[in-house]
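Me: I would like to learn how to read a structural model feature by feature, taking the general idea before the particular case. Could we begin with a helix and its two faces?

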Amino acid sequence: MASTSSLALSQALLARAISHHGSDQRISLPSPFSRAPASSSRRRNNAAASTTKLRSLRPLAVRAAAVDTLEPTTDASIVDKSVNTIRFLAIDAVEKAKSGHPGLPMGCAPMAHILYDEVMRYNPKNPYWFNRDRFVLSAGHGCMLLYALLHLAGYDSVLEEDLKSFRQWGSKTPGHPENFETPGIEVTTGPLGQGIANAVGLALVEKHLAARFNKPDAEVVDHYTYVILGDGCQMEGISNEAASLAGHWGLGKLIAFYDDNHISIDGDTEIAFTENVDQRFEALGWHVIWVKNGNTGYDEIRAAIKEAKAVTDKPTLIKVTTTIGYGSPNKANSYSVHGAALGEKEVEATRNNLGWPYEPFKVPDEVKSHWSRHTPDGKALESDWNASFAAYEKKYPEEAAELKSIITGELPAGWEKALPTYTPESPGDATRNLSQQCLNALAKVVPGFLGGSADLASSNMTLLKAFGDFQKATPEERNLRFGVREHGMGGICNGIALHSPGLIPYCATFFVFTDYMRGAMRISALSEAGVIYVMTHDSIGLGEDGPTHQPVEHLASFRAMPNTLMFRPADGNETAGAYKIAVTKRKTPSILALSRQKLPQLPGTSIEGVEKGGYTISDNSSGNKPDVILVGTGSELEIAAQAAEVLRKEGKTVRVVSFVCWELFDEQTDEYKESVLPSGVSARVSIEAASTFGWGKIVGGEGKSIGINSFGASAPAPLLYKEFGITVEAVVDAAKSFF
């Protein structure tokens, strides 16, 4: 139980926080909140300025949580003890590691306890049960909150020894939540704002699958997505992009808890963040509730959740005003508790303040007993759902087969046969157009295939012609309209991909605008989310739009990113081959850099060749000893092939190699690599309309690389290729330098 002095302190701090964020003139504060707020010298100095600033804010158009609550599942003393268990597991783990962020878990423990103990449906012994509620800690620095919850709930992935190894080498409890390390973690969070975007993707999936598969007499898709985000997440632009889409789409089963503690790393948020978050979210189409006492107001939190669940046509933001580092006598409500251990003396003081007599990492027996029910309850929930799905499968076998494919990730037999194939006699086309043929072919045979573009669908060529748009009123459709929100788009697609193994999202924009979504793309790679990134306008070949739209360094930068497949296909067969790999690689994101200009269907290219990453498309040599090897990608593979013909007419033996995906080539055996790039042949020339950075790895120390090591320019594409020296003549001259 919290001590009387601790409660008084918390109420005073909350009163100050409420004042800081404006007041709702329709709501009077309970008497404990009328005390003068606890102050520091910094706050006294800033008081007058803050008062003046706050007068300019409009009153909050937001409802406080009603008193009508969810039924508490146990008595208040167990709740208090359970909440403090969460706090001290976090405190002890951070203290042992001498590293971490104890403040958020200490402040958010009440809302998190109610979520995991009273509200959410899950099975601790099967973290991947399909119809579980999802939880995302967008404020990932507070990960000890989530690890403590998983430990109490009975997840085998977070045992006591895991808590004790927080932030250590090989630990299941790393410094930010990582889905690939810890079963029970839905998505990898850390970079602020990514988590709320992921949560939008998770909620989108629930709405989409429910619309596709639920029947009037059978509801097999029915789960919520909950997320905790903080001030830092609110400041990052990606969160606003994602929240805007969530409101537009009416994601009624998305409930976000905003940890309103007005503290960030540099101090009080008044130094840089004074906007009215409530009104912004209302404008974005969210239902907004304010829980004024997030420290001890359990019934307020319960009431807010009940109200949020009753709102089915829009997502809900529950602003929960909390005290960061709640219970710490000297560090609560300060930035010093945000990102550092409390220290031995303050840990002891906090134990005394909150009346906590237990040794580090101790879970009291009554708390352990109380939480133990989640194992049998979770098993029963999954068992009941399995029975419901079995009945559904008998009555709706076709729909059940599709849903099962999405749940398990097992692709329909022969799906790859739907991909188009081409011959040299097939008409040439831009690879963005050939990509559209592949997308539409895949959508017909892969149930979990869906996606869209950042307001460029007609230019990226990414519309699925057999389907309509996913909208609030038509959530069963599979074209996603993201608007001009590249970063939010990437984060949402990560959430889609991580919802279920058989979901294969794609998203599209111009290749140069990966700069706007790189943070989400990196998280795709890190968290093993197999998003397909369809990136068109891949080079100076886009022409007159000029250097702002012409990617130069982007191929090299993504080739440097771990667990990423960077494809640059040269024609139809290579485009189809890239999609075949992208669909099967569910734990690796794929990026397809596609041309705006038309390209011929080249002799020698193949879907099978793409699977090797680099392969020979033509060769007039014998004994694996060509005079020169010409290597190209994408639109420049044609240039390499033409240069080879010039050189062959002069009596040279020339091998032309397509290096469509470096990463796949790296995976091949040494014998295969030697068969394509024999170590005895140092005469090698590469050509690519992009930075030459990295090509030394392919052509060797004596080889030559033709590329662009400056920004592009505005002019028709053929002139640009000539002016930048991306020509047949340049390749021929470079090859002849070896003879």
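Reply: Let us begin with the outward side: in this predicted model, the face of helix 12 turned away from its buried side carries the exposed residues Glu344, Lys345 and Asn352. Exposed here stands for a relative accessible area over 50%, and buried for one under 20%.

Me: Which residues of helix 12 are buried, and why do they count as one side of the helix?

Reply: The buried residues in helix 12, which spans residues 344-353, are Glu346, Val347, Thr350, Arg351 and Asn353. Their directions around the axis cover an arc of only 165°, and therefore they are on the same side of helix 12. Just after this helix, Gly355 takes a positive phi of about 60°.

Me: How should I read a residue in a loop, and where is Leu342 found?

Reply: For a loop residue, one looks at the flanking elements, the accessibility and the contacts in turn. Leu342 is found in the loop between strand 8 (316-321) and helix 12, and it counts as buried because its relative accessibility is 5%. Setting aside neighbours within four places in sequence, Leu342 is in contact with Ile91, Glu95, Pro102, Met106, Ser328, Lys331, Val337, Val347 and Thr350, and of these Val347 and Thr350 are among the buried residues of helix 12. The C-alpha atoms of Leu342 and His101 are separated by 9.2 Å, although the two residues are 241 residues apart along the chain.

Me: What share of the contacts in the whole chain joins residues 24 or more positions apart?

Reply: Among contacts with a separation of 6 or more, residues 24 or more positions apart account for 79%. The chain has 739 residues, of which buried residues make up 61%, and it holds 28 helices and 19 strands.

Me: Let us turn to sheets. In what order do the strands of the parallel sheet come, and which strands stand at its edges?

Reply: A sheet is read by its strand order, then its edges, then its pairings. Here 6 strands form an open sheet in the order 10-9-11-12-14-13, with parallel pairing, and the edge strands, strand 10 (479-481) and strand 13 (565-567), each pair on one side only. Neighbouring strands of this sheet are turned by 20° against each other on average, with direction ignored. Within it, strand 11 (residues 504-510) and strand 12 (residues 532-536) run parallel and are joined by 5 bridges, and Tyr506 stands opposite Ile532 in strand 12.

Me: Which strands of this sheet does helix 18 lie across?

Reply: Helix 18 lies across strand 9 (449-453), strand 10, strand 11 and strand 12, and runs at about 165° to strand 11.

Me: Which residue in helix 18 carries a record annotation, and is that residue buried or exposed?

Reply: An unreviewed UniProt entry has the annotation "active site" covering Glu486, which is placed in helix 18 (residues 486-499). Glu486 is buried, because its relative accessible area is 9%. Apart from residues up to four places away in sequence, Glu486 touches Glu241, Ala454, Thr509, Phe513, Tyr516 and Met517.

Me: How does the sheet with mixed pairing compare, and why is one side of each edge strand left without a neighbour?

Reply: The same reading applies: this open sheet of 5 strands has the order 15-17-16-18-19 with mixed pairing. Strand 15 (615-619) and strand 19 (704-706) stand at the edges with a single partner strand each, so one side of each has no neighbour in the sheet. Strand 15 and strand 17 (residues 654-658) run antiparallel, joined by 4 bridges, and Thr616 stands opposite Val657 in strand 17. Helix 23 (residues 636-649) lies across strand 15, strand 16 (628-632), strand 17 and strand 18 (684-687), at about 175° to strand 17.

Me: Finally, how many disulfides are counted, and how far from Cys507 is the nearest cysteine sulfur?

Reply: A disulfide is a covalent bond between the sulfur atoms of two cysteines. The count here comes to 0 disulfides. Cys507 is in no disulfide, and the nearest cysteine sulfur, that of Cys493, is 4.1 Å away, whereas the cut-off for a disulfide is within 2.5 Å. Cys507 counts as buried because its relative accessibility is 0%.

Notes:
Residues are numbered from 1 along each chain as its sequence is written. This is a predicted model: local features need pLDDT of at least 70, side-chain atom pairs count only at pLDDT 80 or more; totals for chains, interfaces and linings use all residues. Side-chain values use heavy atoms; hydrogens and water are left out. UniProt positions are given in the numbering used here, feature names are shortened, and annotations may be inferred rather than shown by experiment. Helices (H or I, at least four residues) and strands (E, at least two) are DSSP runs, numbered from the N terminus. Buried means under 20% relative accessible area, exposed over 50%, partly exposed in between (1.4 Å probe, protein chains only). Contact means heavy atoms within 4.5 Å. Two strands pair if DSSP finds at least two bridges between them. Axes are lines fitted to C-alpha atoms, for helices over the stretch in contact, and angles run from 0 to 180 degrees between N-to-C directions. The arc is that of the directions from the helix axis to the C-beta atoms.
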